[in-house]
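Biologist: Please take one part of this model and go through it closely, then show how the rest is arranged around it. A connected account would suit me better than a list.

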Amino acid sequence: MYPDDYLYSKDHEWISVQDNVGTIGITDYAQHELGDVVYVDLPEVGDSVEANEPFGSVESVKAVSEIFAPVSGEIIEVNSKLQDSPELINESPHEKAWMVKIQISNPEEVRGLLSAEEYDEYIQEQSG
Amino acid sequence: MADPPLKKTALNQVHRQMGARMTDFAGWDMPVQYAGTLKEHMAVRKRCGIFDISHMGELEIRGAHAQETLQKVTCNDIHRLSVSQCQYSALTTPEGTFIDDLVIYRMAADRFLLCVNASNQEKDFEWIRQNALPNTEVIFRSNDFSQLAVQGPQSIEILQPLTEIPLSDMKYYWFATGKVCGSESIVSRTGYTGEDGFEVYCSPKETEMIWGRIMDSGKSRGMEPIGLAARNTLRLEAGLLLYGNDMDETTTVLEANLGWICKLKKEYFIGRDALARQKESGPQRLLVGFEMVERGIARDKHPIEMDGKPLGAVTSGSYAPFLKKNIGLVYLPTKCSSLETEFSVVIRKKSVKAKVVSTPFYRRASKV
């Protein structure tokens, strides 16, 4: 379920890091909790984001959820498909529905994130 | 003090077994969604959906002066209501504001059943009792009924095989009593979705059996069980108001744009004078429908602004799954409530443009 080569935040974002560029999305657990996603608000290329600060939001019919940056950096690419097809977040949260790519400014921050196994344990606890 | 335990409908276990997500609604443990709100919403618009609405309250008013008691406490004209007919109405305060909105069923010349909002049932009961004329009995019947709603264009095909009541002969906002799955029930051609459909008042003991039989009957037609989230988006698209959101004890019947249930020609009802005065001077504000012009979903309680000035807040706002638009309801000063008027909804500190549109947002193609 949760790709081994991704890292995860306790706010339910995933990040895949390659050459100091992080691709970020929300996890399958998060999309399931939200329900049908009908709206996405994402930042623009060039915006800078701070670790653990909200950089966008995802809305289902019933709920609004902020998306938090797992690490700090600058937005270098935004998945523009999500604006017209927010349902991709439900259908393919870990792949097609990547949200932004960021140039990571402080690689140290990655260390605080959870592995797939740790995240899986974390959500088991969450769902009680 | 700890909250009292949530009340459960006769179907609580059934919902849980079906994997419904549950929520606290007006003190009831109710299903908020089953398969997903979008899928449920579309099933009702295109095929059919079944709802457990057993949290709704029921009051019975009977006796020689039952009719005149209702004529006094509600703003619609009970004299126009025939036996076997339903009427949408409101219990009004002396100020002409809403104690509750309700549907009145005339069971007999001197006997009525009132379907009221779950959160208001005790308040309504007390209010009617205090204002009842002599020779009128006011009876709390909420524990005697479960309620199921079957809504959507295929409702008749799904429900008819299970009841002796001839459903296609029943007109919109009429009802009949008879057996549903062998159990004595009341079936009305009413609903809260903007679709054709029925509401079934049945015995709590038989509810699980009846739910199961309707589910079986609807399976081949793509019927879905519907949670409260889709119930809300369906009623909002249909421009139907929700007590507590769109009206309450601070808003009058005329401000809520429900002049059609406000029969000022009646000699007397509680709130009549206030409403007659307001009608003459014209209400200062009106509940109107709007849709978002710019990207963004308006939600309940989001503030609104016009020319940078705060003007109040969204009373109901949501994504509309059938229309694929972002819509809502809001009270605007009457002078700036005309169609196409633009204003802003403040969504997480950002002003997003919206405009006044006519309601209902959605109207089904053919009437019953």
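Modeller: In chain A of this predicted model, 63% of the contacts with a separation of 6 or more are between residues 24 or more positions apart. The chain in which these contacts are made has nine strands and four helices, and their order along the sequence is β-β-β-α-β-β-β-β-β-α-α-β-α. Its radius of gyration is 13 Å, close to the 14 Å that the globule rule gives for 128 residues, so chain A is as compact as a globular protein of that length. Along the principal axes, the C-alpha atoms of chain A fill a box of roughly 35 × 35 × 20 Å. As for burial, 41% of the 128 residues of chain A count as buried.

Chain A also touches chain B: eight residues from chain A and eleven residues from chain B take part in the contact. On the chain A side, four of these residues are nonpolar, three are charged and one is polar.

Chain B is divided into three parts: domain 1 (12–54 + 145–237), domain 2 (57–110 + 123–130) and domain 3 (285–368). The centres of domain 1 and domain 2 of chain B, taken over C-alpha atoms, are 25 Å apart. Between these two domains of chain B, seven residues of domain 1 are in contact with six residues of domain 2. The domain 1 side of that contact has five nonpolar and two polar residues, and no charged ones.

Now for the close look, at helix 2 of chain B, residues 37–46. This helix is mostly covered, with seven of its ten residues buried. The buried ones are Thr37(B), Leu38(B), Glu40(B), His41(B), Ala43(B), Val44(B) and Arg45(B). Among the elements of chain B that cover them are four strands, namely strand 2 (28–33), strand 3 (49–52), strand 9 (146–151) and strand 13 (224–225), together with helix 7 (228–237).

Burial also leads to the nonpolar core. In soluble globular proteins, nonpolar side chains tend to be buried together. Here the largest nonpolar core has 127 residues, and the members that touch the most others are Leu114(B), Leu148(B), Val150(B) and Val253(B). For Leu114(B), the contacts beyond four places in sequence are with Glu58(B), Leu59(B), Ile61(B), Leu102(B) and Ile104(B).

Notes: Residues numbered from 1 in each chain as written. Chains lettered and ligands numbered in written order. Predicted model: local features only at pLDDT ≥ 70, side-chain atom pairs only at ≥ 80, totals over all residues. Core = buried A, V, L, I, M, F, W, Y, C linked by C-beta atoms within 7 Å. Buried ≥ 20, exposed ≤ 12 C-beta atoms within 10 Å, placed from the backbone. Nonpolar A, V, L, I, M, F, W, Y, C, P; charged D, E, K, R; others polar. Domains from an automatic or database assignment. Helix = DSSP H or I, 4+ residues; strand = E, 2+ residues; numbered from the N terminus. Rg over C-alpha atoms; globule rule 2.2 N^0.38 Å.
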